[in-house]
Amino acid sequence: MNEVPRGVGRTALATAWIRAGENDRPDRLFDDWLAPAFVAAAGDAVPLLPPDAEHRLGELTEVMTTYLIVRTRFFDDELLAAAQAGIRQVVLLAAGLDSRAFRLSWPAGTRLFEVDRPDMLTFKERVLTSAGTRPRCERHAVPADLTEDWVDRLLDAGFRPDEPTAWLAEGIIVYLSAEEAERLLTDVTRLSAPGSRLALEDSKGLADEMIEQARHIPPLGEFADLWKGGLEGASPAWLGDHGWRGREIDSTTVATGLHRPIPERLPVAGYFVTAQRTAG
Ligand SMILES: C[S@@+](CC[C@H](N)C(=O)[O-])C[C@H]1O[C@@H](n2cnc3c(N)ncnc32)[C@H](O)[C@@H]1O
């Protein structure tokens, strides 16, 4: 029996389900061919939108689905740009069912670390083993809690703090409190050699307009109850004060650029922040 992740791990199952749906589109923004395997292995445990989703969730569903698809593609491009710039060490914080190690074209010598909770990585490894697939880089799964001892686990797994790193914090900051998010970014900063890059989401905008609506809708309500807000829009300023040069872009603008426009009257679902380490 394959134990399926619970609690906050269920958010990764929902994300995999949405990515699996994207694969079927002729105009897909990525080909996440492993997502259907994760969804199949989780079976009934995948938190699906209810059958009358069209009617009940309407525009909120559309915004969230488009957001997750666009987010995936945006961060795909950011990581590949980092690789193209010569970075050969990648860390996916809260990797969940991210399949980038398997589906992106990494330069030779790339070492990629996936940090997530032990239950998530146990489930993931079982599915990957069944699929018989091989990563396109040197991949290390690092079971750890990002609010606890993850730095030691990452170092034990072979992470090299003296090399520039491409960090990704996708789908995690919003599930942390402000203190936890700041501690995570402080640790990331400490481990980042000059030239490192960091990409993350900022929850500004989610807070007011969407969380309240989402709370009343299963399964979004279950996830909204887990949101703690993270830095609530303050991450670019925080990064600027801690030796990073960052910029942010809202998901609606990115969606338009990727030809998945979100109607302007709908709220911005989130912001993507990218930064480069300027100081040692
Ligand atoms: C919304 S999913 C995002 C997964 C992946 N980054 C993606 O975008 O598909 C959130 C992930 O955060 C992980 N997570 C939440 N809290 C965590 C913590 N304290 N330590 C490690 N991982 C955590 C969950 O296990 C889950 O895989």
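**Exercise 1. The surface and overall form of the chain**

Determine how much area the protein chain exposes and what share of it carbon and sulfur atoms supply; then decide how the radius of gyration compares with the globule rule.

*Solution.* Step 1. In this predicted model, the protein chain exposes about 12,400 Å². Carbon and sulfur atoms supply 50% of that area.

Step 2. Turn from the surface to the interior: 54% of the 280 residues of the protein chain count as buried.

Step 3. The secondary structure of the chain consists of twelve helices and seven strands. The radius of gyration is 18 Å, close to the 19 Å given by the globule rule for 280 residues, so the chain is as compact as a globular protein of that length.

Step 4. Along the principal axes, the C-alpha atoms fill a box of roughly 50 × 45 × 35 Å. Of the contacts with a separation of 6 or more, 78% join residues that stand 24 or more positions apart.

**Exercise 2. The surroundings of the ligand**

Identify the residues that come nearest to the ligand, and state how much of the ligand's accessible area the protein covers.

*Solution.* Step 1. There are 21 residues around the ligand, and Arg-19, Ala-94, Asp-116, Leu-146 and Glu-170 come nearest.

Step 2. Sort the shell by character: nine of its residues are nonpolar, six are polar and six are charged. Helix 1, residues 9-23, gives the most to this shell, namely five residues.

Step 3. Examine individual atom pairs. A polar side-chain atom of Arg-19 is 2.8 Å from an oxygen atom of the ligand, and a polar side-chain atom of Asp-116 is 2.6 Å from an oxygen atom of the ligand. Ala-94 takes part through its backbone: a polar backbone atom of Ala-94 is 2.7 Å from a nitrogen atom of the ligand.

Step 4. On its own, the ligand has 590 Å² of accessible area, and the protein covers 96% of this.

**Exercise 3. Two residues with positive phi**

Is Ala-94 buried or exposed, and is His-259 buried or exposed? Describe the phi angle of Ala-94 and that of His-259 as well.

*Solution.* Step 1. Most residues other than glycine have a negative phi. Ala-94, however, has a phi near 55°, and His-259 has a phi of about 60°.

Step 2. Locate each residue. Ala-94 belongs to the loop between strand 1 (89-93) and helix 5 (100-103), whereas His-259 belongs to the loop between helix 12 (251-257) and strand 7 (271-277).

Step 3. Apply the cut-offs: buried means under 20% relative accessible area, and exposed means over 50%. Ala-94 has 16% and is therefore buried; His-259 has 67% and is therefore exposed.

**Exercise 4. Asn-23 and Gly-233**

Which residues does Asn-23 touch, and which does Gly-233 touch? Leave out residues up to four places away in sequence, and classify Asn-23 and Gly-233 by accessibility.

*Solution.* Step 1. Asn-23 lies in helix 1, and its contacts are Arg-28, Phe-30, Asp-31, Asp-32, Trp-33 and Pro-36. Its relative accessibility is 12%, so Asn-23 counts as buried.

Step 2. Gly-233 is in the loop between helix 10 (220-224) and helix 11 (235-241), and it touches Asp-202 and Lys-204. Its relative accessibility is 22%, so Gly-233 counts as partly exposed.

Step 3. Finally, compare sequence with space: Gly-233 and Pro-26 are 207 residues apart in sequence, and their C-alpha atoms are 35 Å apart.

How values were computed. Residues are numbered from 1 along each chain as its sequence is written. This is a predicted model: local features need pLDDT of at least 70, side-chain atom pairs count only at pLDDT 80 or more; totals for chains, interfaces and linings use all residues. Side-chain values use heavy atoms; hydrogens and water are left out. A residue is near a molecule or strand if one of its heavy atoms lies within 4 Å of it. A polar contact is a pair of N or O atoms within 3.5 Å; within protein, one must be able to donate a hydrogen and the other to accept it, and residues adjacent in sequence count only if both atoms are side-chain atoms. Accessible areas come from the Shrake-Rupley method with a 1.4 Å probe; for residues, only the protein chains shown count as cover. Helices (H or I, at least four residues) and strands (E, at least two) are DSSP runs, numbered from the N terminus. Ala, Val, Leu, Ile, Met, Phe, Trp, Tyr, Cys and Pro count as nonpolar, Asp, Glu, Lys and Arg as charged, and the others, Gly among them, as polar. Buried means under 20% relative accessible area, exposed over 50%, partly exposed in between (1.4 Å probe, protein chains only). Contact means heavy atoms within 4.5 Å. The radius of gyration is taken over C-alpha atoms; the globule rule is 2.2 Å times the number of residues to the power 0.38.
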